[in-house]
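Trainee: I should like to take a close look at a single helix and its surroundings. Please guide me through that part step by step.

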Amino acid sequence: MSLKNSKNQNSKKKTAKINLIIIVAVALIAIVIAFAFANNGEVATKDYEINSPARVGAVTLTVGDIKTMSDFYQKTIGFNVLKDEGERVSLTADGKNPLLILEEKKDTLDKPFGTTGLYHFALLLPDERTLGQFLIHLSDSLYLQGAADHQYSKALYLADPEGNGIEIYADIPSNEWIRDGKGGYVGGTYQLNVAELYNLAKDDEWTGLPEGTKMGHMHLQVADIEKSETFYTEVLGFDIVAKSDSHLFVSLDGYHHHIGMNTWLGKGIPSPPDNAKGLKHFNVLLTQPEWTTVKENLTKENISFNENGNEIEVNDPAGIKLHLINKYE
Ligand SMILES: [Zn+2]
């Protein structure tokens, strides 16, 4: 076969793949529950610097089958193994820092529907071209569940073999995010232009998550928006960027959201049992002054926490465990 024919074949294969992607993305876009921004203007945020440090760190999942999960996160998502301790596998994108930690537990059960916990964790890729590469790579696996243009980011949605929600996304330049005039951002869920992403990356090869991948945000299923708001804003110091009766988005540094929360499964839902699969805890990265203030606030509010070196372990009002890391000196 000549080089030209081989290229044509490749291009046909890619066109077939992208057609499949479009069909899957359009058919399943309804899975992405639409959320409208309805900012009440409580807190004005500053402009976001695109190179601001990550505020969400490693996410730890309790898993039932570490082999299947570790394989999925390496082959489908593109992580590398940083440390394999048998029942605990740390996964990395840059070869230095863990982004996802899988911990196998015996006698786990599936997280019961209608309990608090993870909606999705969201891996932030460096740019839209890398997102295009991931989209083409993902079309080999049929894991894609949805795709959306949120006006400040472009996102793909999938779930791992144990049902944990994953978002893979890229931000559009922060000077193009639309302000609502009250300190929040205008966003929403619109159809993603997958052909545009495909064209950015059609000649590239996916070689795994790039070094610059960050844990961009968390989205949680909570029990009570008001209680969560008090905890994340008054105690932890986050700013509100969007809020309605059933959702709350908060951030630091003027980001569109570092932590999203919703009560789409119902208000007052219980926590899952201790041996449920799913989110075990996630890290929030704070500066020294922020960390000190948070510690004072927790004490003042009589919220129990464990301090261990530069780390505070605390449960949010939905029973979701956070590790607050004193990270940036
Ligand atoms: Zn998200």
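Mentor: **Helix α2 and the sheet beside it**

In helix α2, which spans residues 66-77, the residues Met 69, Tyr 73 and Ile 77 are buried. A residue is called buried if 20 or more other C-beta atoms lie within 10 Å of its own, and exposed if 12 or fewer do, with C-beta atoms placed from the backbone. Seen down the axis of α2, the directions from that axis to the C-beta atoms of the buried residues fall within an arc of 35°, so these residues line one face of the helix. An α-helix has 3.6 residues a turn, so residues three or four places apart point the same way. On the face turned away from the buried side of α2 stand the exposed residues Lys 67 and Asp 71.

This is a predicted model, in which local features need pLDDT of at least 70, side-chain atom pairs count only at pLDDT 80 or more, and totals for chains, interfaces and linings use all residues. Residues are numbered from 1 along each chain as its sequence is written. Helices (H or I, at least four residues) and strands (E, at least two) are DSSP runs, numbered from the N terminus.

The buried residues of α2 pack against β1 (56-63), β3 (88-92) and β4 (98-104); contact requires C-beta atoms, placed from the backbone, within 7 Å. Just after α2, Gly 78 takes a positive phi of about 100°.

Turning to the strands, β3 and β4 run antiparallel and are joined by five bridges. Thr 92 has Pro 98, in β4, as its bridge partner.

Terms used:
Contact = placed C-beta atoms within 7 Å. Pairing = 2+ DSSP bridges.
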